[in-house]
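Reader: I would like a close look at one part of this protein, namely the pairing of its strands. Please take me through it in order, with the residues that help me find my way on the screen.

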Amino acid sequence: DAFLPFEVPIDSALRFDGENVLAIRVDNTRRRDGIPGGRQGWHPYGGILRPVAIWATDPFRIDRVRICGQPQSDGGQFTLWAKVINGRAEPTEGRLKIHWLEPDTGPDRYVDTGVLEPGQEKTLEVSGTVPRIHVWSLDQPHLSAVQVALVSGDQTIDAQGIEFGFRKIETRGEM
């Protein structure tokens with residue numbers, strides 16, 4: 001889907017002895033079953049709408065991080081999911097370090113990956129509470145920030161930052 005992030009591994013196509021060219025082909029054909037659909041009023045412009053980056057990572061890496069935060073009377077409840085991939089040729093273990101980038105949000109949290117065999121993927125889940133938060137709203141759309149690091153021994157192998165809002169959306173009554 002054009003509106004969701006994605007990754008494409010390019011390591012097998014890289015030439016380390018010369019110049020590399022990255023070419024991206026964009027197809028903005030409108031489809032009735034696609035987003036935003038075939039409805040009128042949507043501008044038929046094509047192109048890349050989000051940043052494009054080339055990342056060089058260790059084969060033992062964080063693939064994706066997702067977090068959900070919900071306000072509570074005494075702070076906020078969060079659940080974080082991180083997918084870790086071991087692309088190394090040997091079994092590897094590590095731990096995730098979850099570090100809040102705002103003051104007074106509590107201590108860092110850790111979760112062990114366990115031993116991942118070569119080629120193995122694992123999604124880790126961390127839940128907890130944060131004592132002080134800013135609730136996201138339409139009037140004050142505050143985003144909280146977290147850094148998730150993959151650590152092996154005393155070395156940080158990979159890290160990703162993520163922003164999210166502590167918010168709760170609900171419906172009441174009949175629809």
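**Strand pairing, residue by residue**

Author: In strand E5, Lys122 is the bridge partner of Val84. The model is a predicted one, and every position below should be read as part of that prediction.

This pair belongs to the contact between strand E2, residues 75–86, and E5, where ten bridges join the two strands. E2 and E5 run antiparallel. Both are members of an open sheet of three strands, ordered E1-E2-E5, in which the pairing is antiparallel. The edges of this sheet are E1 and E5, the latter spanning 121–130, and each of them pairs on one side only. From one strand to the next, the twist averages 15°.

The chain ahead of E1 also deserves a look. Val52 lies in the segment before strand E1, which covers 60–72. Val52 helps to make a nonpolar surface patch of about 570 Å², together with Leu22, Ile24, Val26, Ile48 and Ile54.

A further open sheet is built from four strands in the order E4-E3-E6-E7, and here too the pairing is antiparallel. Its edge strands are E4, residues 109–116, and E7, residues 155–164, each pairing on one side only. Neighbouring strands in this sheet are turned by 20° against each other on average, direction ignored.

Within the four-stranded sheet, E6 and E7 run antiparallel and are joined by nine bridges. To find this pairing on the screen, start from Val146, which stands opposite Ile162 in E7.

Next, follow E6 to Ser152; this strand takes in residues 144–152. Leaving aside residues up to four places away in sequence, Ser152 touches Thr92, Glu93, Gly94 and Ile157. With Glu93 there is a polar approach as well: a polar atom of the Ser152 side chain lies 3.2 Å from the backbone oxygen of Glu93.

Strand E3 brings in a charged pair. Lys97 forms a salt bridge with Asp108, and their closest N and O atoms are 3.7 Å apart. Lys97 sits in strand E3, residues 92–100, while Asp108 is in the loop between E3 and E4. The two residues are eleven residues apart, and the pair links distant parts of the chain. The count of salt bridges in the model comes to nine.

To retrace the route, use Val84 and Lys122 for the three-stranded sheet, then Val146 and Ile162 for the E6 and E7 pairing.

Conventions:
Residues numbered from 1 in each chain as written. Predicted model: local features only at pLDDT ≥ 70, side-chain atom pairs only at ≥ 80, totals over all residues. Heavy atoms only, no water. Patch = residues over 30% accessible without salt bridge, like charges linked within 9 Å, V, L, I, M, F, W, Y side chains within 5 Å. Areas by Shrake-Rupley, 256 points an atom, 1.4 Å probe, with all protein chains shown as cover. Salt bridge = Lys/Arg side-chain N within 4 Å of Asp/Glu carboxyl O. Polar contact = N/O pair within 3.5 Å; in protein donor to acceptor, adjacent residues only side chain to side chain. Contact = heavy atoms within 4.5 Å. Pairing = 2+ DSSP bridges. Axes fitted to C-alpha atoms, helices over the stretch in contact; angles between N-to-C directions.
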